[in-house]
Amino acid sequence: MKAGAVSVITPPLVEGPKVVFFIPTPHKFSFAMEMANGGYGIPVTITVVTTWALIALFFLFFNWGLKNLEMVPGKKQAFFETLYDVYDSLVTQMFGKRGKEFVVYISALISFIAISNITSFFPIPGFSTANGQLVISPLLRSPSADINTTLGLALITTFMFVYIAIKENGIKGYVGGLCDPTPVMLPMNIIGELAKPTNISMRLFGNAFAGMVIMGLLYMAAPAVLPAPLHLYFDLFQGLVQSFVFTMLTMVYIQGSMATED
């Protein structure tokens with residue numbers, strides 16, 4: 001939408017994460033791309049920039065919250081203690097006495113995914129110029145709408161539950177579990193193991209990306225009437241639900257790898 005010398009770019013409809021800038025490299029590496037000046041550089045997408053911004057936000061937020069802790073907590077300390085109790089209760093219900101081993105990973109996972117999913121709920125404007133016009137477009141993009149982010153999170157979860165299974169059962173026990181109940185089931189069990197990261201990564205990516213596409217269609221259909229109530233559902237409600245689903249499936253997979261020794 002144009003208003004004189006100002007262009008307002010609505011949320012993207014169907015497009016991948018755009019490249020924000022390049023990190024110049026002296027030679028062409030595997031992931032390097034040719035830049036406009038003929039040199040080579042590693043592309044940094046808006047997904048990476050948003051992830052860096054969220055990491056900085058987490059660092060500043062928790063660094064502020066964990067300063068000057070006291071025996072009698074004030075409002076700030078009480079909030080962070082309550083937040084920890086929620087995470088600890090969630091993990092303890094799944095893992096019992098072993099919950100302390102996973103509370104750090106699970107709390108970090110659900111916090112990152114939840115904030116990533118609702119990033120587009122807060123329309124932080126980005127300013128640039130093109131053809132003599134001031135262009136206003138969304139500065140950040142939900143990292144979970146990028147398959148690279150969700151697949152990376154799923155692979156971390158996969159590494160964790162496979163590592164736990166091998167650690168507690170040994171290589172022989174882990175391979176033996178794949179042959180359960182009979183060796184004939186080995187191919188099916190391997191497919192089942194590969195389906196776990198595929199399931200959680202595609203589920204999260206699909207929901208985040210589909211929500212972005214639907215909101216883009218709504219903005220194209222009615223650009224003058226912002227569909228704010230639908231932002232509450234697609235960005236806020238669905239984002240929080242999907243972060244909870246991803247985390248619950250992660251805990252189920254980890255708990256399943258631990259159950260082999262019982």
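Two strands count as paired here if DSSP finds at least two bridges between them. The views below all come from a predicted model.

**View 1. A little open sheet built from S3, S5 and S4.** The 3 strands sit in the order S3-S5-S4, and the pairing is antiparallel. Strand S3 (19-25) and strand S4 (33-34) are the edges, each pairing on one side only. As a reminder, strands of a sheet pair through backbone hydrogen bonds.

**View 2. Zooming in on S3 and S5, with H1 on top of the story.** Strand S5 (residues 40-45) is joined to S3 by 6 bridges. Pick out phenylalanine 21 and you'll find its bridge partner in S5, valine 44. Helix H1 (residues 46-65) lies across S3 and S5, and runs at about 60 degrees to S5.

**View 3. H4, a helix with a kink at glycine 170.** Helix H4 covers residues 147-178, yet its end C-alpha atoms are only 28 Å apart, where a straight helix would reach 46 Å. Look at glycine 170: H4 bends there by about 115 degrees. Buried residues of H4 include Leu153, Thr157, Phe161, Ile164 and Leu178.

**View 4. Inside the largest nonpolar core.** This core has 24 residues, and those touching the most other members are Val91, Phe95, Phe102, Ile113, Phe246 and Ile254. At least two residues each come from helix H2 (75-95), helix H3 (103-117), H4, helix H5 (186-221) and helix H6 (228-258). H3 gives the most, with 7 residues.

**View 5. Up close with isoleucine 113.** Leaving aside residues up to four places away in sequence, isoleucine 113 touches Leu153, Leu204, Ser243 and Phe246. Among these, Leu153 is a buried residue of H4.

Key
Residues are numbered from 1 along each chain as its sequence is written. This is a predicted model: local features need pLDDT of at least 70, side-chain atom pairs count only at pLDDT 80 or more; totals for chains, interfaces and linings use all residues. Side-chain values use heavy atoms; hydrogens and water are left out. Helices (H or I, at least four residues) and strands (E, at least two) are DSSP runs, numbered from the N terminus. The expected span of a helix is 1.5 Å times one less than its number of residues. The bend at a residue is the angle between axes fitted to the seven residues ending there and the seven starting there. Buried means under 20% relative accessible area, exposed over 50%, partly exposed in between (1.4 Å probe, protein chains only). Contact means heavy atoms within 4.5 Å. Axes are lines fitted to C-alpha atoms, for helices over the stretch in contact, and angles run from 0 to 180 degrees between N-to-C directions. A nonpolar core is a set of buried Ala, Val, Leu, Ile, Met, Phe, Trp, Tyr and Cys residues joined through side-chain atoms within 4.5 Å.
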